[in-house]
Amino acid sequence: MADEKQHRDEEESSPLLNETKPFSAQHFPPHLGWTADGFPTGPGSVMGQPMPTARSPWSSSICSCLGQTDHFCSSDLEVCLVGSVAPCVLYGSNVERLGSVPGTFVNHCLPYSGLYLIGNSCFGWNCLAPWFSYPSRTAIRHKFNLEGSCEALDRSCGCCGSLLKDDAQREHCESACDLATHVFCHTCALCQEGRELRRRLPHPGFNAQPVLVMIPPTEQTMGRGGA
């Protein structure tokens with residue numbers, strides 16, 4: 001009994017054996033989560049909630065129909081021509097490039113063409129297709145973290161600051177602006193989206209594979225130096 005009591009006293013007095021709480025519980029608050037590797041996660045961390053970052057502007061304005069004087073100049077002129085003559089083709093190409101899935105062109109081009117024909121036949125202008133195509137603009141903003149119309153106005157003149165304080169309210173406002181942009185500036189909006197996508201994403205039909213070139217060894221002769 002005396003030996004057991006002495007052993008118990010040594011355990012209680014030992015600084016190493018007296019640590020009942022794990023390292024994580026002592027050094028990190030209890031509201032943090034944990035990754036599979038044992039690293040803490042919480043608000044603002046990579047595995048937790050994302051850090052709020054500033055949204056970048058579009059690479060070209062909505063009125064830059066002819067594009068920019070860079071190495072995408074010929075592509076910008078093509079986008080402007082296709083958007084003016086056949087907006088259904090440009091819209092289908094944008095969605096196919098955005099989704100990076102070959103074959104989605106037809107699934108979006110045909111419904112757009114039907115709404116385009118109905119709108120122009122019944123109402124005299126393309127008033128139905130923008131309601132079908134404007135979600136692609138919202139998807140582009142989300143994918144590349146681009147600023148919307150409200151943020152652009154607030155950055156230029158500071159007139160929409162009250163609408164940008166709440167994230168949910170800001171997103172509703174930006175979605176409404178995406179719809180208004182497609183309704184009132186439909187062709188320009190499609191061209192701006194096409195220019196943005198061509199600068200950021202390759203076409204899904206273009207599957208570049210590295211080419212392995214086999215170079216045969218040079219002819220070698222074997223012989224003795226004195227021969």
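Here is a short walk through a predicted model, starting at a pair of helices, moving to a pocket and ending with some aromatic rings.

Let's begin with helices α7 and α8. When you look at two packed helices, you describe them by the angle between their axes and the distance between the axes. Here α7 covers residues 149–156 and α8 covers residues 167–184, and their axes come within 7 Å of each other, crossing at roughly 100 degrees. Angles from 65 to 115 degrees count as roughly perpendicular, so α7 sits roughly perpendicular to α8.

Who does the touching? On the α7 side you'll find Ser-149, Cys-150 and Glu-151. On the α8 side the contact is made by Arg-170, Cys-173, Glu-174, Cys-177 and Thr-181. Sorted by class, this contact is a mix: three nonpolar residues, two polar ones and three charged ones.

Now zoom in on Cys-177, which belongs to helix α8. Set aside the neighbours within four places in sequence, and Cys-177 is in contact with Ser-149 and Cys-150, both of them among the α7 residues that meet α8. You can also look from Cys-177 across to Tyr-134: these two are 43 residues apart in sequence, yet their C-alpha atoms are 9.6 Å apart in space. Tyr-134 falls within α6, which runs over 129–144.

That brings us to the largest pocket, which holds about 280 Å³ of space. There are 18 residues lining this pocket, and the ones closest to its centre are Ile-62, Arg-137, Ser-149, Ala-152 and Gln-192. Ser-149 is worth a second look, as this residue also takes part in the contact between α7 and α8.

Which helices supply at least two residues each to the lining of the largest pocket? They are α6, α7 and α8, and α8 gives the most, with four residues. The lining as a whole divides into seven nonpolar, six polar and five charged residues.

Finally, turn to the aromatic rings. A search of the whole structure turns up three aromatic pairs. One of them joins Tyr-112 and Tyr-116, with 6.4 Å from centre to centre and 20 degrees between the planes, and this pair is stacked. Both tyrosines lie in helix α5, residues 104–122, where they are four residues apart, or about one turn of the helix.

Definitions and conventions:
Residues are numbered from 1 along each chain as its sequence is written. This is a predicted model: local features need pLDDT of at least 70, side-chain atom pairs count only at pLDDT 80 or more; totals for chains, interfaces and linings use all residues. Side-chain values use heavy atoms; hydrogens and water are left out. Axes are lines fitted to C-alpha atoms, for helices over the stretch in contact, and angles run from 0 to 180 degrees between N-to-C directions. Angles under 35 degrees count as roughly parallel, over 145 as roughly antiparallel, 65 to 115 as roughly perpendicular and the rest as oblique. Contact means heavy atoms within 4.5 Å. Ala, Val, Leu, Ile, Met, Phe, Trp, Tyr, Cys and Pro count as nonpolar, Asp, Glu, Lys and Arg as charged, and the others, Gly among them, as polar. On a 1 Å grid over the protein atoms alone, a cavity is a set of points where a 1.4 Å probe fits but cannot get out, and a pocket is an open set with protein on both sides within 12 Å along at least five of seven lines; lining residues have an atom within 4 Å of a point. Grid points are joined across faces, edges and corners, and a volume is the space filled by probe spheres set on the points. Rings of Phe, Tyr and Trp (its six-membered ring) pair if their centres lie within 6.5 Å; planes under 30 degrees apart count as stacked, over 60 as edge-to-face and the rest as tilted.
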